[in-house]
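Hi,

I'm passing a structure over to you, since you'll be working with it from here. Have a look through it first, and then read on for my notes.

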Amino acid sequence: MITYRSTRGGEEGTRASQAILKGIANDGGLFVPEYIPEMDFSLSDMKEMEYKELAYRVMRLYFADFSKEELQSCIDGAYDSKFANDLIAPVNTAGDLKFLELFHGPTLAFKDMALSILPYLMMTSAKKEKIDKDVVILTATSGDTGKAALEGFANVDGTKIIVFFPQNGVSEIQKRQMITQEGENTCVIGINGNFDDAQTGVKNIFADLEFREELDKNGYVFSSANSINIGRLIPQVVYYFHSYSQLMQDGTLEEGDTMNVVVPTGNFGNILAAYYAKQMGLPIGDLICASNSNKVLYDFFQDGSYDKNRDFNITMSPSMDILISSNLERLLYYVANDDAELTKDLMDQLQKQGKYDITSEMKENLIDFYGGYADDVRTQEVIKEVYESTGYLMDTHTAVAYAVYEDYKADRSDSTATVIVSTASPYKFPSSVMDALDSEAYKETDEFELVDKMNDIIGGEIPKGIDGLKTRKIEHDIVCQTNEMAKVIKEFLKLV
Ligand SMILES: *Cc1c(COP(=O)(O)O)cnc(C)c1O
């Protein structure tokens, strides 16, 4: 049975259910499977499979300690009618472009692909490991993760979900999505501080042993829903297989042809899932990693040196505004040929100096990756360009990916069929998107009105997750200082 180990060498033989519950290994490393399993179905078999069946065929290879019934019931609970499209992750064709749309879940961003199943995986794991306490999920968010985690964990028996967001650091739409969240077990708190303050506060609470003991006495245990959890990474592998299958069906690919992917990247979770799919045997060629002007990954792929000592830019693609790309640690481990000692050494350097250089051998193993980036000006240019030439309206994150794809084609003269991964609905970022189309016309309009104006242009239905958002009842109005986070948690859990 496949087990998990830490990228830093401190832990081995961990069951999938244990790794899902823990989130991060004791030595601070990330859990990786001891080997990446080969796909045990053929490309032509795959053509006949619906999303849920494919999800089962892929995930069973990783979550080997789950019974067939357990895993299937997690999948059935996750990928149901809360997705607005029957294909769950449809490939949409615009002109000669192929967009893999990962935003048809309840919160309109790709985080739903994994956070809709994580609660089920976690509760099943808790049962398997005979944990009889309520699981309290603590999350700091810069916008998308918080709402997707709330949506996933709301009303799940045996869980509580607490989300901290920077009171003045998220978009109006993102904030409204979170503070109107229903569900007895949910708690949403704005903090007077930025995302880093929220994140540091949460990390400090995780590290507070006294607090943990108090929770334990009261029948609670903390866990995390952030993107380093293996229970978030593995479900993301599925949609790469599913997109290949759709391209075979529409005749773009013959069985066995190569497909490239271009992924708008922040924490390196989504593109790492594509790397896993490739290692499993899916014929993926180049993995094109697209960054915004926080281009720490682009620089890394250029010369093999990672350096977070630089200014942090606030951009129009906020979910990619990140300087420490956590999941890159897993790729380092692989390109170091599973050398945990070397990985740990590089991560220590990152901790101490904020930078590291990889070896030339590791660099050679990065051959399949191509890095690019696009700034805000270019992002808005391509939104307009693609809309005018094809009628397809991209969100700002997807636009970064498209811009980098253009650069890649020019640079490599490569015409391999390519999937552009589309991570958010344009409705989620209406002011930047509408401003791209016409910088004068929509200047003074608020985000909610822009949703209607966008709908006037592109037609169709306004997604459920956003329709009527402005008039929904506000359920959460607590705002606290960063030094009051622990107190607020205790109040919510009635520990005081
Ligand atoms: C989180 C997010 C990303 C970045 O994904 P990673 O897995 O962190 O690289 C890109 N686009 C959107 C809309 C997101 O919410």
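Below is a short tour of what turned up, going from the sheet and its helices to the cores and then to some single residues. Please keep in mind that this is a predicted model.

**The six-stranded sheet**

A good place to start is an open sheet of six strands, with the order β3-β4-β14-β9-β10-β13 and mixed pairing. Its edge strands are β3 and β13 (369–373), each of which pairs on one side only. From one strand to the next, the twist averages 25 degrees.

Within this sheet, β3 and β4 (residues 97–101) are paired in the antiparallel sense over four bridges, and Ala94 stands opposite Leu97 in β4. The two strands form a hairpin with two residues between them, and there Gly95 takes a positive phi near 60 degrees. By contrast, β9 (residues 259–264) and β14 (residues 418–422) run parallel, joined by three bridges. If you want a landmark for that pair, look for Asn260, which stands opposite Thr418 in β14.

Two helices are worth viewing together with the sheet. Helix α11 lies across β3, β4, β9 and β14, and runs at about 130 degrees to β9. Helix α12 (residues 269–280) lies across β9, β10 (284–291), β13 and β14, at about 170 degrees to β10.

**The nonpolar cores**

As background, nonpolar side chains tend to be buried together in soluble globular proteins. Here the largest nonpolar core has 109 residues, and the members that touch the most others are Phe63, Phe241 and Tyr276. Helix α11 (residues 230–249) gives the most to this core, with eleven residues. Leaving aside residues up to four places away in sequence, Phe241 touches Met39, Phe41, Met46, Leu54, Val58, Ala277, Met280 and Leu282. There is also a second, separate core of 40 residues, which includes Tyr370, Val386, Tyr402 and Ala436.

**An enclosed helix and a buried proline**

Next, have a look at helix α8 (residues 172–179). Seven of its eight residues are buried, so α8 is largely enclosed by the rest of the structure. The buried ones are Ile173, Gln174, Lys175, Arg176, Gln177, Met178 and Ile179. They pack against α7 (144–153), β6 (159–166), β7 (186–191), α19 (430–437) and α20 (447–458).

One of those neighbours, α19, holds Pro430. Pro430 is buried, at 0% relative accessibility. Not counting residues up to four places away in sequence, Pro430 touches Ile173, Glu447, Leu450, Val451 and Met454. For a sense of scale, the C-alpha atoms of Pro430 and Lys352 are 40 Å apart, with 78 residues separating the two along the chain.

**Two helices that cross**

The axes of α9 (residues 195–207) and α21 come within 10 Å and cross at roughly 65 degrees. Ala198, Gly201, Val202 and Ile205 of α9 meet Met485, Ala486 and Ile489 of α21. The residues of this contact divide into six nonpolar, one polar and no charged.

**Cysteines without a partner**

How many disulfides does a search of the whole structure find? The number is zero. A disulfide is a covalent bond between the sulfur atoms of two cysteines. For Cys187, the closest cysteine sulfur is that of Cys480, and the 9.3 Å between them is too far for a bond, because a disulfide needs the sulfur atoms within 2.5 Å. Cys480 is likewise in no disulfide. Both residues are buried: Cys187 has a relative accessibility of 5%, and Cys480 one of 2%.

**Two positive phi values**

Finally, here are two backbone details to check. Ile88 has a phi near 70 degrees, a positive value in a residue other than glycine. Ile88 sits in the loop between α4 (68–78) and β3 (91–94). Is Ile88 buried or exposed? Ile88 is buried, with a relative accessible area of 5%.

Lys494 also has a positive phi without being glycine, in this case near 55 degrees. Lys494 lies in the segment after α21 (485–492) and counts as exposed, at 70% relative accessibility.

Enjoy looking around, and do write back with any questions.

Best wishes

Notes. Residues numbered from 1 in each chain as written. Predicted model: local features only at pLDDT ≥ 70, side-chain atom pairs only at ≥ 80, totals over all residues. Heavy atoms only, no water. Buried < 20%, exposed > 50% of the residue type's maximum accessible area, 1.4 Å probe, protein only. Axes fitted to C-alpha atoms, helices over the stretch in contact; angles between N-to-C directions. Contact = heavy atoms within 4.5 Å. Nonpolar A, V, L, I, M, F, W, Y, C, P; charged D, E, K, R; others polar. Core = buried A, V, L, I, M, F, W, Y, C linked by side-chain atoms within 4.5 Å. Pairing = 2+ DSSP bridges.
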